[in-house]
Amino acid sequence: MVAEVLQGLQVQPDRTYVDATVGLGGHAEAILQQSSPTGRLIGLDQDPVNLAKARARLQPFGSRALLFHCNFKQLTEVLERCHLTAVAGILVDLGLSMEQLKVSGRGFSFGGDEPLDMRMNPETQTQTAAELLNTWPEADLSRIFWELGEERWARRIARRVVQARRQRPFQTTAQLVQTVLQAIPVKPSSRRLHPATRVFQALRLAVNQELEHLAEFLPQAIAALVPQGRLVVIAYHSLEDRIVKHTFLQAEKAGQVRRCQKKPLRPTPAEVQRNPSARSAKLRCVVKTAPGTDSAREEVM
Ligand SMILES: C[S@@+](CC[C@H](N)C(=O)[O-])C[C@H]1O[C@@H](n2cnc3c(N)ncnc32)[C@H](O)[C@@H]1O
């Protein structure tokens, strides 16, 4: 959703933007092009492999791109290090990059057979998905499968995981897929979601504490915008989108921001055809309210 992001941020020449999930640098590159000749981009990512790829891609922009290996919950700290009090726009494109899913070898996908790691930042995070599965009590496993995966068979799967790990501790994604399939009375079908989808989502969210970090980040991002500055968030599942929607509504009620639109923007059918993983994307945008202005005045997008 590059066009929608640029429009949401209303990227201007010569201003400073943050891409809080720089990933492989696609959106960052578009922001740098649109803000040329002197616009700056501060890019954050907690995945060192993705960040190295973004660094190579953004190298032609020289000192206009400044990248940091960190979690976006450290936004305020990073801006202080850059001697900045506020920026013109902030983008967050949540979730995983295709690189992480398909080639990282860290077990984010149930398609192959990889070590059950799922850490986005293996340099600072200590608990892998395998460790979580092998050590957490059954009740906690059941809770995360239910709350973070919205998995209807959460209890059955948690019970089966605890039985299976007594025989052989979990090490690989294939072991987990097999255990899920043994636990539930549903067979895989090409028409439905793969039965392991929700358990994999729950584990990934738990290992990386994704919802907690998003909730910590959003108020910092709103505080870090100049008046009329813009925050654009792309979410890919209902749990993260709910946090974004709720935070934006609360901030609007408090007079801090104005929502750019009531309903989130969705990718066009052409974009979904080009990139099927974009199908669940929801883009929400807010504008920071300038003190003393009518927050409902300007209509955008
Ligand atoms: C969907 S990708 C972003 C793709 C990017 N917009 C692009 O154009 O290439 C999401 C990225 O966010 C990173 N990420 C997820 N949660 C993060 C967090 N809490 N702090 C920093 N980076 C995070 C992931 O490592 C991943 O690289």
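# A guided tour of the predicted model

At 36% relative accessibility, Gln228 counts as partly exposed, because the band between buried and exposed runs from 20% to 50%. Select Gln228 as the opening stop, bearing in mind that the model is predicted. This residue sits in strand β5, which covers residues 225–235, and its phi is positive, at about 70°, although Gln228 is not a glycine.

**The whole chain**

Now zoom out until the full chain is in view, and count 13 helices and seven strands along it. Taken along the principal axes, the C-alpha atoms fill a box of roughly 60 × 40 × 35 Å. The radius of gyration is 20 Å, which agrees with the value near 19 Å that a compact globule of 301 residues would have. If you colour by accessibility, the buried residues should make up 51% of the 301 residues, while the surface that the chain exposes comes to about 14,600 Å², with carbon and sulfur atoms supplying 50% of it. Among contacts with a separation of 6 or more, 68% join residues that are 24 or more positions apart.

**Helix α1**

Next, select residues 2–9, which form helix α1, and pick out its buried members, Glu4, Val5, Leu6, Gly8 and Leu9. An α-helix has 3.6 residues a turn, so residues three or four places apart point the same way. Show the surroundings of these buried residues, and you will find them packing against β1 (16–19), α2, β4 (87–93), β5, α13 (269–274) and β7 (282–288); strand β5 is the element in which Gln228 lies. Step just past the end of α1 to Gln10, where phi is again positive, at about 45°.

**The ligand and its shell**

Centre the view on the ligand and display the 22 residues around it, of which His27, Asp45, Asn50, Phe72 and Asp93 come nearest. What is the make-up of this shell in nonpolar, polar and charged residues? The shell divides into eight nonpolar, 11 polar and three charged residues. For the polar contacts, begin at His27, where a polar side-chain atom lies 2.8 Å from a nitrogen atom of the ligand. Then move to Gln46, which has a backbone N or O atom 3.2 Å from a nitrogen atom of the ligand, and to Gln100, whose side chain places an N or O atom 2.9 Å from an oxygen atom of the ligand. With a surface drawn over the protein, note that 93% of the 610 Å² of accessible area that the ligand has on its own is covered.

**Arg106 in its loop**

From the ligand, go to Arg106, in the loop between α5 (98–102) and α6 (129–135). Is this arginine buried or exposed? Arg106 has a relative accessible area of 9% and is therefore buried, since the limit for that class is under 20%. A polar atom of its side chain lies 2.9 Å from the backbone oxygen of Arg119, and the backbone oxygen of Met120 lies 3.3 Å from a polar atom of the Arg106 side chain. Leaving aside neighbours within four places in sequence, the contacts of Arg106 include Asp47, Val49, Glu114, Pro115 and Asp117.

**Helix α10 and the residue after it**

Select Leu205 in helix α10, a residue that is buried, with a relative accessible area of 1%. Beyond the residues up to four places away in sequence, Leu205 touches Leu148, Glu210, Leu211, His237 and Leu239. Measuring from C-alpha to C-alpha, you should find 18 Å between Leu205 and Gly105, which are 100 residues apart in sequence. Continue to Gln209, in the loop between α10 (197–208) and α11 (210–223), where phi is near 50°, a positive value in a residue other than glycine. At 40% relative accessibility, Gln209 counts as partly exposed.

**Two last loops**

Turn to Pro37, in the loop between α2 (26–34) and β2 (40–45), and inspect the peptide bond that joins Ser36 to Pro37, which is cis, with omega near 10°. Finish at Gln59, in the loop between α3 (48–58) and β3 (65–69), which is exposed, with a relative accessible area of 61%. A distance drawn between the C-alpha atoms of Gln59 and Met1, 58 residues apart along the chain, should read 23 Å.

Terms used
Residues are numbered from 1 along each chain as its sequence is written. This is a predicted model: local features need pLDDT of at least 70, side-chain atom pairs count only at pLDDT 80 or more; totals for chains, interfaces and linings use all residues. Side-chain values use heavy atoms; hydrogens and water are left out. A residue is near a molecule or strand if one of its heavy atoms lies within 4 Å of it. A polar contact is a pair of N or O atoms within 3.5 Å; within protein, one must be able to donate a hydrogen and the other to accept it, and residues adjacent in sequence count only if both atoms are side-chain atoms. Accessible areas come from the Shrake-Rupley method with a 1.4 Å probe; for residues, only the protein chains shown count as cover. Ala, Val, Leu, Ile, Met, Phe, Trp, Tyr, Cys and Pro count as nonpolar, Asp, Glu, Lys and Arg as charged, and the others, Gly among them, as polar. Helices (H or I, at least four residues) and strands (E, at least two) are DSSP runs, numbered from the N terminus. Buried means under 20% relative accessible area, exposed over 50%, partly exposed in between (1.4 Å probe, protein chains only). Contact means heavy atoms within 4.5 Å. The radius of gyration is taken over C-alpha atoms; the globule rule is 2.2 Å times the number of residues to the power 0.38.
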